[in-house]
Every structure is written in structure tokens, then in C-alpha cells.
Amino acid sequence: MANVDTSIPPETTGAAAGLAARHSAEHPLKLYGGWFCPFVQRAWIALVEKHIEHQYVEINPYKKEPEFLALNPRGLVPTLGLPDPPRAVLYESSVVCEYLDERYADEAVHGKRLLPGSAYERARARLWIDHVSTRVIPGFYKLLQHTEGKSALSIEETRREFLGHIRTLVKEMSSSGPFFLGETFSLVDIALAPWAKRLWLIDHYKNGGVGIPQEGHDGDDEVWGRWRAWFKAVTERPSVKETWSDDERYLAAYKRYADNTTNSLVGQATRAGSGLP
Ligand SMILES: N[C@@H](CCC(=O)N[C@@H](CS)C(=O)NCC(=O)O)C(=O)O
């Protein structure tokens, strides 16, 4: 299959273009990212939340340029180039987010920590980040790439499975809200925010959409009310808005997922029914 994904436009637009421009000067801490990528958005949100000086470097990870593979042999964004030790590199969005939170820990400079202080609460946050990464996110791609006659389950079954994983997460949210842990925005919120921001693409492209009940059309319940409060707080968070390009760009970039023609590693894994990269 031709690699359709290498044609993605090479620049940020909208709010993200302003953010990228403010972080275009040479800096030893470098985020190699793609504007369209939700895993990148996780790391980018963490950088913004913590006011961390850095350089944003836009690349197209589908091109697998040798210089990029030399930094990250997995060939995935986000990839983080570090100031110390020299030439050190990290990748994997959840690893990168935790690193940023620990390395830039001074709350007077970098604001509140993104993981809780107690060992149990921290482990519990990681548990629900794992739920997002291993259940909610694969469910998102299964629904977005759902193809009648090719997917193992019907679209209704795929939607039910996806909503089930969201409901399970919502039931774990602090009742005081609005965020997962309550008043404090954390890595659990960051883990899911980029896909929450992209749910409208499923509404746009897929028959029946995401299927989350609108307010007043519930029948069901506290769960979706709590979800709406979380969703509103997270999508209105300045760090989430600032890392967002123009809507039309996502519409174009995600059409290849909706058509199930993407050749991205995430798209291939979803088609194959295997774990995401
Ligand atoms: N597990 C990785 C996934 C990152 C990922 O899949 N990034 C995509 C862009 S959204 C990528 O670089 N894809 C390159 C490819 O599919 O060849 C993480 O959490 O950082």
C-alpha cells in the first residue's frame, strides 16, 4: 500500500502555529512532533502546563528520515531531545510526560505537579492512564476505522465497546470534579484529552457517531453528566487549546483513518487487531 500519510501538510496552523512560533528558537530541550498527532499533543500539553522552555520541531514521522530514526529507532513522535545527559533522547508519550513532570518539579516555577504526591494515588493515576492507553484509545481507532464487512464487530458493537471503556473511566473520576482527580489537572486528563478533542471526527465520519448522549437525552445518568463536565473543563483548558491546529486540517488528515486507508502504524495495528505501537 502506498504510504498515503507522508502527504500530511508540514506545518502547524491556528493556535498551535502561534505556540510553535514562540518555541521555534534553538533550545537544547526539543520536542519533535507532528501537529496532527494526539500522542504528541500529550507531551506538548505537559510542556505548556509546566511552562517549560523548549524548542518545537515539526516533522513527518511517516517519512522515516534517517536523522529521525537515529534519534528514535521506533520512528514515532513524540520524541524528546534532552539537554542532559548530552544527546539523550526519550520517546513514548506517557514516559515523556512523566519525565517532564519529574525533571521540572519545582512547583514555584513549573506549577502543580501533574501526578499526586502519595504512592497509592500516583499508582492509581497510572492505572487509569493505562486504561486510557490500552482500552479507550484502541477503541477510538476501531470505531474511526470501522469498515462494514471488514471489521470483526458491527459498528454498534464497536461503539458499545468504546463507550463501555469511557464509562469505566468516568466512574473512577472524583465526584468533586471537574478533572479526573478533582480540582487538579493531572496526567490522567492529559492522557485522554487529545482523543477527547478528536471525538467530533467520529461524529463527522461515522454512521451514528460516537453515541455519547446529549444533555437532556440521557435516560442514563450521572455518568454522562460527569463526562460532560470533564470534557468541557479539559477541552477549554488553555494548554489543550493552544496545542490545536485548525479543525479543517484534522478533518483532512483523519479522512484516511475513516476510510481505513491509513498506513500509519496505529492504523495498521487497528486493522490487524493487534496492540498499538
Ligand atoms: N506509543 C507511542 C505512539 C506514538 C505514535 O503512534 N505516533 C504516531 C503519530 S500520531 C507516529 O509517529 N506514527 C508513525 C508511523 O505510524 O509510521 C506513544 O505513546 O508515543
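Where along the chain is the place of R87? In this predicted model, R87 sits in the loop that runs between β3 and β4 (89-91). The backbone does something a little unusual to look at here: R87 is not a glycine, yet its phi is positive, at about 65°.

Just before β3 comes another spot to look at. The loop between α3 (66-71) and β3 (79-81) holds P78, and the peptide bond leading from V77 into P78 is cis, with omega near 5°. V77 also turns up at the ligand, where one of its polar backbone atoms is 2.9 Å from a ligand nitrogen. So much for the backbone on that side; the ligand has side-chain partners as well. K64 has an N or O atom in its side chain 2.6 Å from an oxygen atom of the ligand. For S93, a side-chain N or O atom is likewise placed 2.6 Å from a ligand oxygen. As for cover, the ligand exposes 510 Å² when taken alone, and the protein buries 95% of that.

What kind of space does the ligand take up? It is the largest pocket. The shell around the ligand counts 16 residues, and C37, K64, E92, S93 and L265 come nearest. Sorted by class, that shell is made of eleven nonpolar, three polar and two charged residues. Two helices are worth picking out here: α2 (38-49) and α14 (265-272) each give the shell at least two residues.

Now for the annotated part of the chain. An unreviewed UniProt entry carries the annotation "domain: GST N-terminal" for residues 27-108. Over residues 27-108, helix makes up 38% of the chain and strand 17%. The C-alpha atoms at the two ends of that stretch are 22 Å apart.

Further along the chain, there is one more proline to visit. Which residues does the cis peptide bond with omega of about 0° join? The pair is G177 and P178. P178 belongs to the loop between α7 (155-171) and α8 (187-197).

How values were computed:
Residues numbered from 1 in each chain as written. Predicted model: local features only at pLDDT ≥ 70, side-chain atom pairs only at ≥ 80, totals over all residues. Heavy atoms only, no water. UniProt positions renumbered as here; feature names shortened; annotations may be inferred. Helix = DSSP H or I, 4+ residues; strand = E, 2+ residues; numbered from the N terminus. Near = heavy atom within 4 Å. Polar contact = N/O pair within 3.5 Å; in protein donor to acceptor, adjacent residues only side chain to side chain. Areas by Shrake-Rupley, 256 points an atom, 1.4 Å probe, with all protein chains shown as cover. 1 Å grid on protein atoms, 1.4 Å probe; cavity = no way out; pocket = protein on both sides within 12 Å on 5 of 7 lines; lining within 4 Å. Sits in = over half its atoms within 2 Å of the grid points. Nonpolar A, V, L, I, M, F, W, Y, C, P; charged D, E, K, R; others polar.
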